[in-house]
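Biologist: Please take a close look at the pockets and cavities of this model. I would like to know what lines them, and what is packed around the lining.

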Amino acid sequence: MKRRIALLGSTGSMGTQALQVMDQFPDLFEVELLSANSNSDLLIQQAIKYKPNVVVIIDEQHYEKVKNALAKEDCKVFAGLQSLVDCMSMNSIDMALSCIVGIAGLAPVYSAIENEIPVALANKETLVVAGELMMQKAREKNVPIIPVDSEHSAIFQCLIGEHGNVVEKIILTASGGPFRGKTMAELEKVTCEQALKHPNWNMGNKITIDSATLMNKGLEVIEAKWLFNIDLDKIEVIVHPQSIIHSLVQFTDGSIKAQLGLPDMKLPIQYALTFPQRLTSEFPRFSFADFSTFTFEDPDMETFPCLSLAYHASKEGGNKPCVLNAANEVAVAQFLNEKIKFTDISRIIEKALSNIPFSRPRTIEEYLEVDREVKEMF
C-alpha cells in the first residue's frame, strides 16, 4: 500500500523538494494533505497536480481564493492554523512531514504526535522551542521522529546499528556560510542580497540567513540535544566549508562514523520518507576525485555570537530557547526587510534573552505565549 503523507509547508523550499522526491516513487507515496502559509497560487497548483484529500491554507485571507480554485477538485479546503492542528487527527495519514518554517510548526507537530502519527521533522524550531515536551510525548505515544535536517539525518544514520554503544560526542558540521573569515567590521556592512548567497545549499530565505549568522547551527545544537538525548557538552560544532561530511558521531572507543554526500536536501528527505529502506535515487553521486581536500576549523563564535547565544540559552533551559528562537525570527524578518543591519540580529537576540525572565513552560500554549511576549518587545 502507498504511504499517505501529510506535507506541512508544501510551498517552501523543503516542501517543494519533498514533492520532487515523492515524484520519483509514485507507487510508494500518496499526498493526503497539503498545507501552506500564504502562497495560495502554488498551493492551488500543487493541489490540482497531487489531488490530496485535504488542503489547508493557514492565512485565512486566501481561503476563498483557494476554495474557489479547487471547487471542481475532490478535496476539502480548510483555513487557519487550528484547522491544520485538527487535521492531524485524521486516521488516513501514515506520516507527517513537517517543512513549516519557524514556531508555526509547533502545534501541528505536537498534534501529530498526540495522534500517533510518525513525524519526519524538517522544522527544527519544534524541538528548539519545546524539545522536552515533544520528546516526552513521542516516548509516551511510541511515535518515531525521523530527522530531515542534513546534519541530524547524518547523526541518525551513524547511530543505526549502534544500540547500547555509548556516544562520546556528536560533531555537527557547518559550512561557515557566505561570510566565513569576515571580521565584525566587515559584517557591519553586508547586504541582504549578499547574505542570501549561500556557498553550498539551496534553501529558503530564513534558514539561509540563519546559516550566515551561524544561528542555524545553534538551533541544530539544541535540536540534537533533545533528538538524541545527549548532554549539551557532548555536542561540538566544526566548520567544514565543503559541506560533504554532514555530521559525525564519536564513540567511547575513539572510533568516528561520518555520513557523506553532496549538499542536496532531497537526500535526507528521501531517507526519512523511506526509512528503514534505502531506495535507488537519480540524484548526482559524490566523487572523491572532485573533492581532493576536506578542511575543518573551529567556528568563530566571537564574530558570530549567535552560536554561543544558542549554547547559553540551552544551558539555561526553561523558556530561554523559546526566547532565543522568537527573537531570532523577529530579527531575521527585520533584516530581510532591510530594517536592521546584519550584526543587529545577534544584538536583538541578546537583548531578549536578558530582558525576558526565566520561566518553565509546561504546555504548547505556554510556549506560544512566551513567543508572543518576545515578539511584542520588537
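Modeller: The answer starts with the pockets, goes on to the cavity, and ends with a helix beside the cavity.

This is a predicted model, in which local features need pLDDT of at least 70, side-chain atom pairs count only at pLDDT 80 or more, and totals for chains, interfaces and linings use all residues. Residues are numbered from 1 along each chain as its sequence is written, and side-chain values use heavy atoms, with hydrogens and water left out.

The largest pocket (an open set of points on a 1 Å grid over the protein atoms alone, with protein on both sides within 12 Å along at least five of seven lines) has a volume of about 960 Å³. That volume is the space filled by probe spheres set on the points, which are joined across faces, edges and corners. Its lining (residues with an atom within 4 Å of a point) has 48 residues, and those nearest the centre are Cys99, Ile100, Val101, Gly204 and Ile207. Several elements give two or more residues to this lining, including helix 1 (13–23), strand 2 (29–36), helix 7 (150–159) and helix 11 (215–227). Helices (H or I, at least four residues) and strands (E, at least two) are DSSP runs numbered from the N terminus. Helix 10 gives the most to the largest pocket, with five residues. By class, the 48 residues divide into 17 nonpolar, 23 polar and eight charged. Here Ala, Val, Leu, Ile, Met, Phe, Trp, Tyr, Cys and Pro are nonpolar, Asp, Glu, Lys and Arg are charged, and the others, Gly among them, are polar.

The second largest pocket holds about 440 Å³ of space. It is lined by 25 residues, and Gln259, Leu267, Arg278, Ser281 and Phe283 are the closest to its centre. At least two lining residues come from each of helix 7, strand 11 (256–260) and helix 12 (266–274), with helix 12 giving the most, six. Ten lining residues are nonpolar, eleven polar and four charged. Lysine 266 lies in helix 12 and is buried (under 20% relative accessible area with a 1.4 Å probe, protein chains only; exposed is over 50%, partly exposed in between), because its relative accessible area is 17%. Beyond four places in sequence, lysine 266 is in contact (heavy atoms within 4.5 Å) with Gln17, Gln20, Val21 and Phe283.

The whole structure has one cavity (a set of points where a 1.4 Å probe fits but cannot get out) of 30 Å³ or more. The largest cavity contains about 70 Å³ of space. Among the residues lining it are Met184, Leu187, Phe304, Ile345 and Ser346. Helix 8 (184–187) and helix 15 each supply at least two of its lining residues. The lining has seven nonpolar, four polar and no charged residues.

Helix 15 also leads away from the cavity to its neighbours. Its buried residues are Asp344, Ile345, Ser346, Ile348, Ile349, Ala352 and Leu353. They pack against helix 10, helix 11, helix 13 (306–316), helix 14 (320–336) and helix 16 (364–377). Asparagine 328 belongs to helix 14 and is buried, because its relative accessible area is 0%. Apart from residues up to four places away in sequence, asparagine 328 touches Lys206, Asp210, Met215, Ile345 and Ile349. Ile345 is thus both a partner of asparagine 328 and a residue of the cavity lining.
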